[in-house]
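Subject: the structure for you to look at

Hi,

Here is the structure I promised to pass on. Have a look at it first, and then read my notes below.

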Amino acid sequence: MNTSPSQSPVSRPLFITVGLLMLAVVAFFLPSWLSGFFSTTSSSSIAPAAYCSLNQQTCQYKDYQASLGSPMVHPLHANTLTVTAPQPLATDTMIVKLKGVEMNMGEYRLALKKIDTLTYQGELMLPVCTEDSMTWAGTITLNDDANNSLPIKVRMERL
């Protein structure tokens, strides 16, 4: 009586169990693999050294200036972000986009509104993080043109 291993009563249930286990593992990790593969981060095209830290100084770019009302940024506490243009722009808003450097907390967006001919302002209010401090990096986009942007970073500290 010859029985091949493929006809063994244990091999088929074992094969099905292993197959289902592998399918579950792939289904669990697939979303994170795909998001990493397809993710496009606008800030990744900017060299880290190009970011200007708004906590430490008024940042100067091609005659534009960006500054915070206070150098200390705390989660859920408003801090005025001001951008001054060298000449009047044809837009009523500038868009700020920031992403966490040490931790992925999604993208924070803020619209800076035109308050006079050359000045744009908005209230920067970053979300709470589980860490005591966190760096946010991104851009201020001018004239609705993603190629014309100011690279910034902000260090947030818990109270």
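How many bridges join strand 5 to strand 6? Seven, and the two strands run antiparallel. Before I go on, a word on where this comes from: it is a predicted model, in which local features need pLDDT of at least 70 and side-chain atom pairs count only at pLDDT 80 or more, while totals for chains, interfaces and linings use all residues. Residues are numbered from 1 along each chain as its sequence is written, and side-chain values use heavy atoms, with hydrogens and water left out.

**The overall picture**

The protein chain has one helix and nine strands. (Helices are DSSP runs of H or I with at least four residues, strands are DSSP runs of E with at least two, and both are numbered from the N terminus.) Along the sequence the pattern reads α-β-β-β-β-β-β-β-β-β. Of the 159 residues, 32% count as buried; buried means under 20% relative accessible area, exposed means over 50%, and partly exposed is in between, using a 1.4 Å probe and protein chains only.

The chain exposes about 10,200 Å², and carbon and sulfur atoms supply 59% of that. Accessible areas come from the Shrake-Rupley method with a 1.4 Å probe, and for residues only the protein chains shown count as cover. Now for contacts, meaning heavy atoms within 4.5 Å: among those in the chain with a separation of 6 or more, 57% are between residues 24 or more positions apart.

**The strands**

Two strands pair if DSSP finds at least two bridges between them. Strand 5 covers residues 93-100, and besides strand 6 it is joined to strand 8 (residues 133-142), by six bridges and again antiparallel. K99 is a good residue to click on: its bridge partner in strand 6 is E107, and in strand 8 it stands opposite A137.

In a regular strand the side chains alternate between the two faces of the sheet. In strand 5, the covered face has M94, V96, L98 and G100, and the uncovered one has T93, I95, K97 and K99. Strand 5 and strand 6 form a hairpin with six residues between them, and G106 in that turn has a positive phi of about 80 degrees.

Strand 6 (residues 107-114) also pairs with strand 7, antiparallel, over two bridges. There, K113 stands opposite Q121, and a hairpin of four residues joins the two strands. Strand 7 (residues 119-124) pairs with strand 4 (residues 79-84) too, over six bridges and in the antiparallel sense; N79 has L124 as its bridge partner.

**The salt bridges**

Side chains of opposite charge can pair when their charged atoms come close. Counting a salt bridge as a side-chain nitrogen of Lys or Arg within 4 Å of a carboxyl oxygen of Asp or Glu, there are three. In one of them, E102 pairs with R155, with the closest N and O atoms 2.8 Å apart. That pair links distant parts of the chain: E102 is in the loop between strand 5 and strand 6, R155 is in strand 9 (residues 145-157), and 53 residues separate them.

R155 also forms a salt bridge with E157, at 3.6 Å between the closest N and O atoms, so E102, R155 and E157 are linked in a network. How open are these residues? E102 is partly exposed because its relative accessibility is 48%, and R155 is partly exposed because its value is 29%.

R109 and E107 make another salt bridge, with the closest N and O atoms 2.7 Å apart. R109 counts as exposed because its relative accessible area is 53%, whereas E107, at 33%, is partly exposed.

**The disulfide and a surface patch**

A disulfide is a covalent bond between the sulfur atoms of two cysteines. The cut-off used here is a pair of cysteine sulfur atoms within 2.5 Å, and the structure holds one. C52 and C59 form it, with their sulfur atoms 1.9 Å apart. The link is left-handed, with -90 degrees about the S-S bond, and both cysteines are buried.

Finally, turn to helix 1 (residues 11-38), where you will find L23. L23 counts as exposed because its relative accessibility is 55%. Together with F15, I16 and L20, L23 makes a nonpolar surface patch of about 460 Å². Patches are made of residues with over 30% relative accessible area and no salt bridge, where like charges are joined within 9 Å and nonpolar side chains (Val, Leu, Ile, Met, Phe, Trp, Tyr) within 5 Å.

Cheers
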